[in-house]
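Here's a walk through a two-chain model, starting from the core and working outwards. Have the viewer open while you read.

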Amino acid sequence: MTDTPIAPPPKSRLRLALESDVFYTFRRSPVAVISALVVLVLVLSALLAPLIAPTNPFDPASLNLMNGFTPPLEPNAFTGDEFLLGTDDQGRDVFSTILYGMRISLFVGVAAVTFAMILGITLGLISGYVGGWLETIIMRTADVQLTFPSILVAMLIFGVAKGVTPVEYRDQMAIWVLILAIGLSDWVQFARVVRGATLVEKNKEYVQAARLIGRTPGAIMLRHILPNVLSPVLVIATISLALAIIAEATLSFLGVGAPPTQPSLGTLIRIGQGFLFSGEWWILFFPACTLLALALSVNLLGDWLRDALNPRLR
Amino acid sequence: MLAFIIRRVGQSILVLLVVGLVAFSMFNFVGDPIDNMLGQERTAEDIARLREQLGLDRNFFVQYFRFLQEAIQGNFGVSYRQGRPVTQILLERAPATLELAAVSGILAIVFGIALGVFTAIRRNGLLANLIMSGSLIGVSLPTFLIGILLIYVFSVELGWLPSFGRGEVVTIGGWKTGFLTESGLKALILPSITLGLYQMTLIMRLVRSEMLEVLRQDYIRFARARGLKDRAVNFHHALKNTMVPVITVIGLQLGAIIAFAIITETVFQWPGVGLLFINAIQFVDIPVMAAYLMLISVMFVGINLLVDILYFFIDPRLRADRSGGH
């Protein structure tokens, strides 16, 4: 007992993560570090919006119509109040509406991608592992849907879902309908990649072994195959998130997305566009910049992740 | 080859039938058509009579078949909102969208290929690198923001170009064209740049990467060794061999241009089919939505089919493969 060699103390998960290849390439890429910082700051400020925002833009009591159209960093002509990024037509602080708008943009984006991911992974695993007529139906549907641009698919789903919901619930349901529409328009990518990877994995020995010891197909798919096909899914998810945020903004901008009572960044840009001609540029400019920063940095992060997780490029 | 074409046509028809089913289901499940057609003061007999008249008492497949029959003849019913036949409204609006799409498509193809070749040949040049980094921003900038930016610079600040509408139009045989008036042409500039920019960057990046691939090949080195001029090598040997993937993408992007016109038309209040579609979604005008869906799918499927068939004529290798392999 005494002469057993002393094993080195087990490394903590944090240590393992910090010493991994992925983290090494991350530190070496300034673009990735900056994008990650931007995303972190934006996500944190969206999450903490009630604490950071000077006013609550959805609380009518805090609004003063006299404060309308105050330019950034200038005292209002009537009330003397000052606002960091100015106010809109109803005297709402633009900075606060951006913080709250970003919450909705991010929530819709993350929820839609999660929905698309779960749907795509499930259908991809089934069509790859089970095969047969189920695979034919799923992949044919995917092919047909891929013929059309996803923004068009999302618009159609939004329109139909809006038609199905009763009129009095439409505004309340709009956010959920939006998530459904963007999610359903985006599952194909996940399904195709997962199916392709599953087709490769299912002939490997560990899957045969699992089958031999009598594990059910469901358990094999979820516990054995899924963990091995996850890394391309992660890359697609990140890039999809950028696309979903832009899709949400586009739909809301077109007036077929988030309602004015729950404005996302796209809705704010839609509102701001109306005041561009009269010279109130800040109502549009700041939400647009926020959207750009968010979409661009998530996109760059996705690009970096794709290169980092792709062993062929190393 | 004939077998391939027949199979592809069969697949295309199947896709259209599926899309038709979706469009038909929209009519069936979103709201009750009887509700939309009869007023408040209706009796049970009225409802039953109308159901019979419209054939709504028949089974699902009979109804679907009748829907397809009508759709092939171009009859999609009456717009809930405007009270006029949908086909008539769509035809009125189509010229605006087609003209916008044509101009943006040409812009995207011409500038996309030219810039792609340029950035590939001058791979390490300063200007080429500048264009490449610029294109990265162009890809991540949402279309509607590009439109707003252009409006702000050229309409609000400089006041050179109109920010909305088509300007004056001239009607020639039922086709309203904006090509023949000065204001019509001016109104076309900003929307077509907005619509074409994304497609242009896409084509440019594709042409560049394909060119770089081809320029590495032995036959290019050999052509240079033969003492051919750079111009001949670059355009005659290299560009020609990049064309297969480029034409695929151009074909697919033509369909995308029509679909993305929805966004551009909304930003510029361009009176085309896309703006009609957005309004239809806002007011849940099902007949217009269904007709637009059918129209655009016919276009997409047709373009896809055409591109596939074009391959055979462009790439002789494909013909040899198919006839040998199958």
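The largest nonpolar core has 155 residues, and L178(A) and M289(B) are the two that touch the most other members. Keep in mind that this is a predicted model. What does M289(B) touch, once neighbours within four places in sequence are left aside? From chain A there are L156(A) and G159(A), and from chain B there are M26(B), F277(B), A280(B) and I281(B). In general, nonpolar side chains of soluble globular proteins tend to be buried together.

Three of those partners lead to the next stop: F277(B), A280(B) and I281(B) are among the buried residues of α12(B). The others buried there are V273(B), G274(B), L275(B) and L276(B). This helix spans residues 273-282 of chain B, and because seven of its ten residues are buried, it is largely enclosed by the rest of the structure. What does the covering? Part of the cover comes from the other chain, in the form of α7 of chain A, and it also includes α5 (86-121), α11 (243-267) and α13 (286-314) of chain B.

The backbone on either side of α12(B) is worth a click too. V284(B), just after the helix, takes a positive phi of about 50°. Q269(B), in the loop between α11 and α12 of chain B, has a positive phi of about 45° despite not being a glycine. As background, most residues other than glycine have a negative phi. Q269(B) is partly exposed, because 13 other C-beta atoms lie within 10 Å.

Zooming out to the contact between the chains, 29 residues come from chain A and 28 residues from chain B. On the chain A side, α6 (132-147), α7 (150-164), α11 (217-254) and α13 (282-309) each supply at least two residues. Which helix gives the most? That is α7(A), with nine residues. By class, the side of chain A that touches chain B divides into 21 nonpolar, seven polar and one charged.

One helix pair inside chain A deserves a look as well. Helix α3 (residues 30-47) of chain A packs against α13(A) with the axes 9 Å apart, at an angle of about 135°. The two are therefore oblique to each other, and their crossing is left-handed. Residues of α3(A) including V31(A), S35(A) and L42(A) meet residues of α13(A), among them A293(A), S297(A) and W304(A). The contact between these helices has twelve nonpolar, two polar and no charged residues.

Here are the two class breakdowns side by side.

| Contact | Nonpolar | Polar | Charged |
|---|---|---|---|
| Side of chain A that touches chain B | 21 residues | seven residues | one residue |
| α3(A) with α13(A) | twelve residues | two residues | no residues |

As for chain B overall, it has 14 helices and two strands, and 34% of its 326 residues count as buried. Of its contacts with a separation of 6 or more, 70% are between residues 24 or more positions apart.

A last residue to find is L239(B), which lies in helix α10 (residues 230-241) of chain B. Is L239(B) buried or partly exposed? With 19 C-beta neighbours inside 10 Å, it counts as partly exposed, because buried takes 20 or more. Not counting residues up to four places away in sequence, L239(B) touches V117(B) and N234(B). From L239(B) to L50(B) the C-alpha to C-alpha distance is 62 Å, with their positions 189 residues apart in sequence.

Technical notes. Residues are numbered from 1 along each chain as its sequence is written. Chains are lettered from A and ligands numbered from 1 in the order in which they are written. This is a predicted model: local features need pLDDT of at least 70, side-chain atom pairs count only at pLDDT 80 or more; totals for chains, interfaces and linings use all residues. Two residues are in contact if their C-beta atoms, placed from the backbone, lie within 7 Å. Helices (H or I, at least four residues) and strands (E, at least two) are DSSP runs, numbered from the N terminus. Ala, Val, Leu, Ile, Met, Phe, Trp, Tyr, Cys and Pro count as nonpolar, Asp, Glu, Lys and Arg as charged, and the others, Gly among them, as polar. A residue is buried if 20 or more other C-beta atoms lie within 10 Å of its own, exposed if 12 or fewer, and partly exposed in between; C-beta atoms are placed from the backbone. A nonpolar core is a set of buried Ala, Val, Leu, Ile, Met, Phe, Trp, Tyr and Cys residues joined through C-beta atoms within 7 Å. Axes are lines fitted to C-alpha atoms, for helices over the stretch in contact, and angles run from 0 to 180 degrees between N-to-C directions. Angles under 35 degrees count as roughly parallel, over 145 as roughly antiparallel, 65 to 115 as roughly perpendicular and the rest as oblique. A crossing is left-handed if the near helix is turned anticlockwise from the far one by less than a right angle, and right-handed if clockwise.
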